[in-house]
Every structure is written in C-alpha cells, then in structure tokens.
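Q: Please take a close look at the salt bridges here and tell me how buried or exposed their partners are.

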Amino acid sequence: MKINRTKNAARNMVMGFINKIIVLLLPFLVRTAFIYSLGAEYLGLNSLFSSILSVLSVAELGFSSAVVFSMYEPIAKNQQAKICALLNYYRSIYRVIGTAVLIGGVVLMPFLPRLINGECPDELNIYILFAMYLFNTVSSYWFMAYKKSVLEAFQRNDYISLNDTITTGLTNVIQLILLIVWKSIYVYYFYVATMLILTITNNILNARIVDKKFPQLRCKGKITSEDKKEIKKQVSGLMVSKICFMTRNSFDSIFVSAFISLTMTTVYNNYYYIVNAIVGVMNVITSAMIGGIGNSIAAESKKKNYNDFTVFNFIYMWISSWATVTLFSLYQNFMVLWVGEELMLPLLAPALFSIYFYALKMCDIRTTYTSAAGLWWENRSRAICETVANIILNYLLVQLWGVYGIVLATIIPLVLINFGFGAQVLFKHYFTEEKISRYFIDNLSYAVVTIISAIVTFKVTTFIGEYTVLNLFIRGIICCILPNILLWVAYCKSLKFKMAKEWVLTKIKRD
C-alpha cells in the first residue's frame, strides 16, 4: 500500500502542534490553579501517584511499538489478513496488561505512606485517590485502546492528536472550573474522576475513527508462530527500553518524595514540567516522522536513509539548540511570574535542566531511526546499563546534592550511555557502511555551538532588568532572533547546512 510519507508527516506535525498548544497550555493553567487552590503538598501527591503508575505501566513492555512496527511491512504490501491478525493479538495482550497493572497497583497500596517523607495529608484518603488514579491507568488498556495502533501504523497520528485535543482540553477545562469554583480539598476526588471518564472517551473516539476509515480491519485470525516469535524478540528488547525510560522520568519524583519532601517534589516537577512541555512539542516532529521513516526503511536503500538521517539530525539539532538557549535564558523570569520566589531554585537548576533537555534531544533522531528499524532487541544492553546507572546515581546523588543530584543522575547516563552506546547499536546493525565517528563529531560541534550561543544570549538578556512580564516578552524576542543568528553564522558555510537547505526547498516545491 503506497503511503505519501511527506504529506502524512506534514499533516501529523500540524495537527500535533495544535494538540500540543492545547494539552500544554490548559494543563499549565490547571497546575497553576492546583498550586494556589490546594497547595504544593497536594500537587506533590499528584506527581507521586502519576510516577508510581508510570512504573507499573512498564507491564506494557513495549507491545504497542512492536505491533506497530510489525504492521509496516504488511501495510506496504497490502496484506490485510496479517494486519487483522496482528490487531487481534494486540487486543488479547492489552487485556492481560491492564489486569497486571491493576494487580500490581492493589499490591502496592499498603506501602504508599512509606514513599512519602514526612506526614501524609490528613484531609484526604490517599488509598481512595490512588485507586482512582489506578483505574484511570487500567482503563487506558482495557477499553479498545489497541485500535490506536492502526492509526499509528498508517501514519494518521493527526486523528490521535485531534482526539487528544478534544478529550484533554475538555478534561482540563472541567478541572480548572472545579479548582476555581469549589474551594474545598474534596474537589481533588472530582479532579481525578474527570480524567477517568475522558480517558475512556478518548479510546472510544479512536476506535470509532478506525472503524470508519478502515472498516476492512477487524480483530480476526491468528499470527504465525514466526511472527509471534519475532514480536516477542522485539518486546524483550523494548521491555528494557521501557524500564529505562521509566527510571529516567518516573523514579525521579519518587526519590525526591522519599528522600526530601512532597513540597520539593512539586518544586522539582515545576521545573521539569517546563522541560517536558518543550520535549512534548519537539516529540511532535519525531512522532510524525517515525511512520514515514519505518516505511522508508522497508522500501528504500540504506544509503538514502543515511543521507536523510544526516539532514534530519542537523535540522533537528538546530531547533534543539535554539530551544535550549531560549529555555535557559527565560527559565527564572518565567518561574518568578508563575509560582513566585518561594517555589524557585537557584540559577544552577535552570542550567542543569537545560543541559538535561539538550542531552535528551541529542538522542531523538537516532532513537527514531532505531525504533523505525526495529532494533529494540539489539538495544537492550544499552537500556539495561542506563537503567542501572540511573537508579544507582539517583540513590547516591540525591543524598549528596539533593534535587540537583537527581538531575545530574539523569544527565550522566543520558550522555555517556544513551547517546554514545545507543549510536553504536544503530551504526552496527543498520548503517553498517557508515562511520560512527562522523556522527559523534557532528554532534560534538552542535553542542559546542549551543553552549556558546547560550552563554552569549543569557549575558545579553541579563541587561534587561527585573523579572517582569514586559521583560519576559523582551527576553523572548531576543531569544527568537539572537540564537538563530549565531547558529546561522556557525553553520552557513557547512555542507550539512547546504544539504538541509536543498532538502527543505525540494519538499516545498514538491508540495
């Protein structure tokens, strides 16, 4: 089945960006209302429960990614019977996963107080709240969630983004009204209940679209033993990658809560929220691309894919550099206006979180190609090493340097293991004819240019004055212009810049 990769990627990006504007702006308003209505301690409880359930969701093991990857070839060859069999297999697995998460959550409930350093909030029943969070997570597996894989495999993430925009937007509007109007701590129960209702609604909307757009695809048939064996192999590799992702993003809040306090968990997550918001926007790009890259890997030569990889990485790292510089320069001004000085950290925190963000982005294009090529099994050793290093460093560094140690414990494995080791997997098993040293040198040069741009831009913004709304706007204008000028000066004569320019112009003319 012929797929227009460029058109689908562009459509997915547009809808994805619209979705991110909604799902980042409204939750930001909700988080702000939560802080001022219920307080930092209760928001810390929300972050803790979300992190615990992210850990439990590791039971998913990466089945969704493995099944979507398995659909690329039958879609390209129009093998509808095989797609239906894969969908049927996926449905059965998701029912088992939902049950496993439910059992894990129930077993964990008696130990909740031990994950909170200090007193638990007395006014609310943390067990009832956790049960509500738990069922919200379980419902994301039980109620037709498997059908979303069809939209992902056919590169119709725009439908997924549209449904997310509607349900998340509606959820946040209801939550915001509740927090503003109902001046009571018991509003927390209704706050969580809205998430549960609209999680189920989101699954139903995705399922209806699949039934309408792809009526020929039904859960029927059985996959061959060879296909099942291949999926299990991919899942085995994906499992450790999922665990790695979970330790990087979820254990941080748990360690802060267990070793410091719920209030510091809120402070940490306020800073992390900003990073995660920008990461979410950037992920729209890679999410929109992965289906097309998977199709390209199935249909095109490795040489063409490597040339695309080089161009994509250059363009993506330009965007990432600009985002990093802007993040560092605006961080404190924004935090003062948002949460006030009492919930702020010194300048070292913005510096570390900016480095954390850039380290994440260095890995994105390589990770996208690794996933599109289905190299999860080959990537398992990297993920295991990163997971172990992250947990050990979290435990050690949080006791030495507190919240700063938590951020450092994530940065170190990201740079040394995820970026370095992860690149070796891709070049050893897919880009076998290309030199990995060229990739490392390119990214080192991108990092140096980013550091110089960040220092220069930050120094310029320090002359603006106090942290006010007007000065945040002025700093924002500077960050839109100055870093890109510096990046253009650094790259305008390079071969990568010329290749990227030619690629962009070609796509514009073609469309």
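A: Here's a walk through them, pair by pair.
This is a predicted model, where local features need pLDDT of at least 70 and side-chain atom pairs count only at pLDDT 80 or more, while totals for chains, interfaces and linings use all residues. Residues are numbered from 1 along each chain as its sequence is written, and side-chain values use heavy atoms, with hydrogens and water left out.

The count comes to eight salt bridges (a side-chain nitrogen of Lys or Arg within 4 Å of a carboxyl oxygen of Asp or Glu). One of them sits inside helix H15, residues 380–401 (helices are DSSP runs of H or I, at least four residues, numbered from the N terminus). There, Glu 386 and Arg 382 pair up at 2.6 Å, N to O. The two are four residues apart along H15, so about one turn of the helix. Glu 386 counts as buried because its relative accessibility is just 3% (buried is under 20% relative accessible area, exposed over 50%, partly exposed in between, with a 1.4 Å probe and protein chains only). Arg 382 has 6%, so this partner is buried as well.

Then there's a network: Lys 147, Asp 211 and Arg 218 are joined by salt bridges that share partners. Within that trio, Arg 218 reaches Asp 211 with the closest N and O atoms 3.6 Å apart. Arg 218 is partly exposed because its relative accessibility is 38%, and Asp 211, at 28%, is partly exposed too.

Another pair to look at is Asp 364 with Lys 361, whose closest N and O atoms are 2.5 Å apart. Both of those residues, Asp 364 and Lys 361, are buried.
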